[in-house]
Amino acid sequence: MDHAAATPIEVWNEIIAPKYIRFRHILVDGLAAHGRTALARSGPSAGNRVLDVGCGLGDSTIEMGKTVGPAGSVLGIDCCDPFLEFGRKELATSGVANVTFENADAATQRFEPAFDFCFSRFGTMFFASPVAAMRNVRAALKPGGRLLMLVWRTLDDNEWMGLAKRVALKHLPAPDDQAPNCGPGPFSMASSTVVTDILGASGYSDIHLERNDTDVTVGRTLDDAIDFQLAMGPAGEIVREAGELGETKRSAVVEELRSLVAPFVTTRGVVMGSSSWAVTARRPE
């Protein structure tokens, strides 16, 4: 693949997916705490038919299958085949029989209004045309159907990513705008006003945002946390896109990160602050 000309879907499949699976103990076991909190508060009901948009490795999809029970069902969709393959393997050993996974792009898939509930955990921020995409997701909901999506608040509210980015930028230039990417980025919906405007323009009603601040485990050890940052976080992107200069400066970035992240090491791993919006809305009757 020509990385310089890679589409967002190609980036997810060929660049991000192997790293995501490698660090699933952070991305699922750690950061998924936001999803569990939101689902416990505003999740689907028994018997619901559920759509999980950007289902990733499928952990939330399978858990919602347990919640809705045999009278309900859950469809997990993602545009990343390695994620779906992983989810299907997990499903095969879960004992859950009402979950399926499909390769589909939620922004363009033709939906029938068949779902009672739509969930997305940190997936909608990557839509290139968010109003069009969220309008398309709304088309999947029955009249009165509910949406619950998790989006990150600002980088300043998420020290687990912000600290490493600040360190990398002390040593290296910001990435070029033409660098391969997976869409607009994890903070494209950090503003409550932006989210409300997007959903309003997409035809949703009863839009509500609830802030969730929680400490999350972002590495089993200090080395694990730094490896994660340089593989997947904003700091890693800065180092990669700097090319030869990035490799020259890598050791300096790592050394400074070690000193700044060390105070966050606890008996349960590296624990840092994070913040998200739990966004709820409805398709009008």
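Here Ala, Val, Leu, Ile, Met, Phe, Trp, Tyr, Cys and Pro count as nonpolar, Asp, Glu, Lys and Arg as charged, and the others, Gly among them, as polar. With that in hand, welcome to a set of close-up views of a predicted model.

**View 1. A closed space lined by three helices and some further residues.** The model holds one cavity of 30 Å³ or more, and the largest cavity encloses about 50 Å³ of space. Its lining is made up of Glu159, Trp160, Leu163, Ala164, Val218, Ala225, Ile226, Gln229, Leu257, Val261 and Met272. Helix H7 (159-171), helix H9 (222-231) and helix H11 (244-261) are the elements that each give two or more residues to this lining. The largest share, four residues, comes from H7. Sorted by class, the lining has nine nonpolar residues, one polar and one charged. Rolling a probe the size of a water molecule over the atoms shows where empty space is left.

**View 2. The second largest pocket.** About 410 Å³ of space lies in the second largest pocket. Of the 22 residues that line this pocket, Gly58, Asp59, Ser60, Ile62 and Glu63 lie nearest its centre. Two or more lining residues come from each of helix H3 (33-42), helix H4 (59-68) and helix H5 (81-92). Which helix gives the most to the lining? H4 does, with seven residues. The classes here divide into nine nonpolar, six polar and seven charged residues.

**View 3. Met149 in the largest nonpolar core.** This core has 88 residues, and Leu51, Met149 and Leu199 touch the most other members. Strand E5 (residues 141-152) supplies the largest share of the core, seven residues. Take a moment to look around Met149: leaving aside neighbours within four places in sequence, Met149 is in contact with Ser120, Thr124, Met134, Met189, Val195, Leu199, Trp277, Ala278 and Val279. In soluble globular proteins, nonpolar side chains tend to be buried together.

**View 4. Helix H10 and its packing partners.** H10 covers residues 234-241, and its buried residues are Pro234, Ala235, Gly236, Ile238 and Val239. What do these buried residues of H10 pack against? Their partners are H7, H9 and H11. These three elements turned up in View 1 too: H7, H9 and H11 each give two or more residues to the lining of the largest cavity. After H10 comes Gly243, which has a positive phi, near 60°.

**View 5. Cysteines without a disulfide.** How many disulfides does the structure hold? The count is zero. Cys55 is in no disulfide, and the nearest cysteine sulfur, that of Cys80, is 9.5 Å away. Cys55 counts as buried because its relative accessibility is 2%, under the 20% limit for that label. Cys80 is likewise in no disulfide; for Cys80, the nearest cysteine sulfur is that of Cys79, 6.5 Å away. Cys80 also counts as buried, because its relative accessibility is 0%. For a pair of cysteine sulfur atoms to be a disulfide here, they must lie within 2.5 Å.

**View 6. Asp81 in helix H5.** Next along the chain from Cys80, Asp81 lies in helix H5. Is Asp81 buried, exposed or partly exposed? Asp81 counts as partly exposed because its relative accessibility is 37%, which falls between the 20% and 50% limits. Not counting residues up to four places away in sequence, Asp81 touches Asn13 and Asn103. Arg110 makes a handy reference point: Asp81 and Arg110 are 29 residues apart along the chain, and their C-alpha atoms are separated by 19 Å. Helix H5 may be familiar from View 2, being one of the helices that give two or more residues to the lining of the second largest pocket.

**View 7. Phe122 and Asp206, two residues with positive phi.** Most residues other than glycine have a negative phi. Phe122 has a positive phi, near 55°. Where is Phe122 found? Phe122 sits in the loop between strand E4 (115-121) and helix H6 (130-138). Phe122 is buried, because its relative accessible area is 14%. Asp206 also has a positive phi, near 55°, and its place is in strand E6 (residues 205-217). Is Asp206 buried or exposed? Asp206 is exposed, because its relative accessible area is 54%, over the 50% limit.

Terms used: Residues are numbered from 1 along each chain as its sequence is written. This is a predicted model: local features need pLDDT of at least 70, side-chain atom pairs count only at pLDDT 80 or more; totals for chains, interfaces and linings use all residues. Side-chain values use heavy atoms; hydrogens and water are left out. On a 1 Å grid over the protein atoms alone, a cavity is a set of points where a 1.4 Å probe fits but cannot get out, and a pocket is an open set with protein on both sides within 12 Å along at least five of seven lines; lining residues have an atom within 4 Å of a point. Grid points are joined across faces, edges and corners, and a volume is the space filled by probe spheres set on the points. A nonpolar core is a set of buried Ala, Val, Leu, Ile, Met, Phe, Trp, Tyr and Cys residues joined through side-chain atoms within 4.5 Å. Buried means under 20% relative accessible area, exposed over 50%, partly exposed in between (1.4 Å probe, protein chains only). Contact means heavy atoms within 4.5 Å.
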